[in-house]
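Work through the exercises below with the structure in view. Each has a task sentence and a solution in steps.

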Amino acid sequence: MAIMALSRRTEGIVVALGLPPTGLADKLGFRQHGFASFADLTEALRDHNQVVVVAAYPIVVRALATTLSSKDTDPAVVAIDEGMRFATVLAGAHHGGEQLARLVAHHLGATAVITTASSIYDTVALDQTPRVHFGHVPAGLQARINHGDGLVLVNPTDLFLPDAILALAHEGNNPLKVVISDRMRDESLGDLRATAPTLTVGVGCSSDATVTEIDELIETTLQNAGLDPYAIDRVATIDRRLNHPALLGLHRELIGFSADQLDAVETVHPSSVVYKSVGTHSVAEAAALLASGDGASLVVEKVRADRVTVAVARRQRLRGSLSVVGLGPGSLDLLTPRALGALRSAQFLVGFSRYLELIEPIVERAQVVRPYPIGQEIERVGEAIALASRGNHVALVTSGDPAVYAMAQLVIERLAEDLTLHIIPGVTAAYAASSKAGAIVGHDHAMISLSDLLTPWSAIEARVEAAAKADFVIAFYNPRSKQRTWQLEKALSIIAQYRQQSTPVLVATRVERSGATLTVTSLAEIDLETIDMETIVIIGATTTATNHGYLYTPRGYQPTPGHQGAP
Ligand code: SAH
């Protein structure tokens, strides 16, 4: 079965017929090509997934005319006029084009121009619905939705429908009937069928099985059962086969279970031969059922070829996912590509309202944003987990890194069964601040939160003292707020017992956000009044020094000539 035609296109490019806009390519993480010819432009359109073109639109349209082939494979193309006023989606609107236009507009201070019908009428674009695959949506059906027809869902397999799918349904005349099913034959129950990832394929194989053998057996098994290959959620097997090249070669998400776990599952075709060789009476059936969660049912019993067995189970609830995403300190170009990917694929974005504002330019119309006031961490985590347990993809956003005085820990403590957790790292405030001034965190360093809301002050004080004594560079998070006014002063007085008054101190406020300030001062001269909850304070070690205006802590190498050593 052709699982995925890997695109030969590479990621993004900014191509300009004249001078490219300064810094735009860097902010997008794209390549850049300035003073391009018409031939360069067509080549860029052929070879990239995302193309930002700076040129007069008629030229771009002429280049597109020779390169576009199909809505599914065309790149997302955003054109900007040379006056940098309008970022207009010209192709791939539903494949990242709209988001790219908003991102480019955000970086350039331009206006994003988006003209798809669904954005004008504020209706759902069926082919963009998360969690389901629609295949080809005839233009006439989408037009009916855009012009006010209703939509009802038909659910013949009794799937527990996640919010993202339920949101498709709406009132209106002459409603379109959309069937949610993994069975081909259910097509006839409505106007259009969509597939959700309901099926787990269980696979057992001997050590000399090949990927072609497995692939073919899966394909014919699904075909004979009238099941849609797009409904495959993942492949399940016994853990000792997880690294088998034939299974890895399927390019599917894999999950493995131990022989004991598998043997505890009641199956239709237990086999004592299998038990003798691997310690469980069933691999394919048991693994498919186990991976499909509560309420799973076996829809295809064990089928075998020479060296392979396959069985298929159906989930009752889709497998939700929760990504705890570190946004970095603030600016969108410090968001990692992985974080961006997780934000893009989420149906729900949950988090502190200020952090959600930071990512506003990249939020899609169809995404649901759940902003929270400061605090209420337990409620935020609870809602994120509940939404993911209902089969949605959820992103819980935090600033900086999600584990640094943030929420990843709480999520792990409260995690529910059968959902996929991704913790996605981000650039933490201490590193963002350090790099603005040089490399003050350049040797061993300690991060200490001065908030005594969750940690007793005596413990904080003991850690400050230990870090000071051991000559760590010390980064203070949560240094001072309107209510917590004395803690920083007290911490600094402890440090003063071990370090000279001239020790460099970095005070960085709103790093990578608008209104950022950065001050290099010293233990003696630090001005506490400038420090608030958006400030990070980094105290140098005894070796911290400056060179050519950069603040750094050497790794112990010989200093270069001309270096002004630490006092
Ligand atoms: N998870 C975050 C930290 C949350 S604790 C991270 O990894 O960065 C909140 C504290 O982090 C703030 O009180 C402040 O001390 C620091 N902080 C977070 N973002 C900051 C920024 N952009 N500039 C300066 N300090 C910041």
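**Exercise 1. State how much space lies in the largest cavity, and describe its lining.**

Solution. The largest cavity holds about 40 Å³ of space. A cavity is a set of points, on a 1 Å grid over the protein atoms alone, where a 1.4 Å probe fits but cannot get out; a volume is the space filled by probe spheres set on the points, which are joined across faces, edges and corners. The model is predicted: local features need pLDDT of at least 70, side-chain atom pairs count only at pLDDT 80 or more, and totals for chains, interfaces and linings use all residues. Residues are numbered from 1 along each chain as its sequence is written, and side-chain values use heavy atoms, without hydrogens and water.

Next, count: the structure has 1 cavity of 30 Å³ or more. Lining residues (an atom within 4 Å of a point) include Leu 327, Gly 328, Leu 335 and Ile 359. The lining splits into 5 nonpolar, 3 polar and no charged residues, where Ala, Val, Leu, Ile, Met, Phe, Trp, Tyr, Cys and Pro count as nonpolar, Asp, Glu, Lys and Arg as charged, and the others, Gly among them, as polar.

**Exercise 2. Explain which domains the ligand lies between, and why.**

Solution. Start with the chain, which is divided into domain 1 (10–115), domain 2 (126–194), domain 3 (199–314), domain 4 (321–427) and domain 5 (430–552); the bounds come from an automatic or database domain assignment. Domain 4 and domain 5 both give residues to the shell around the ligand, so the ligand lies between them.

**Exercise 3. Describe the surroundings of the ligand and name its polar backbone partners.**

Solution. There are 20 residues around the ligand (a heavy atom within 4 Å), and Asp 401, Val 404, Thr 428, Met 533 and Thr 535 come nearest. By class, the shell has 11 nonpolar, 5 polar and 4 charged residues.

Then take the atom pairs. Oxygen atoms of the ligand lie 2.7 Å from a polar backbone atom of Thr 535 and 3.1 Å from one of Asn 478. A ligand nitrogen is 2.9 Å from a polar backbone atom of Val 511.

Note on methods. A polar contact is a pair of N or O atoms within 3.5 Å; within protein, one must be able to donate a hydrogen and the other to accept it, and residues adjacent in sequence count only if both atoms are side-chain atoms. On a 1 Å grid over the protein atoms alone, a cavity is a set of points where a 1.4 Å probe fits but cannot get out, and a pocket is an open set with protein on both sides within 12 Å along at least five of seven lines; lining residues have an atom within 4 Å of a point.
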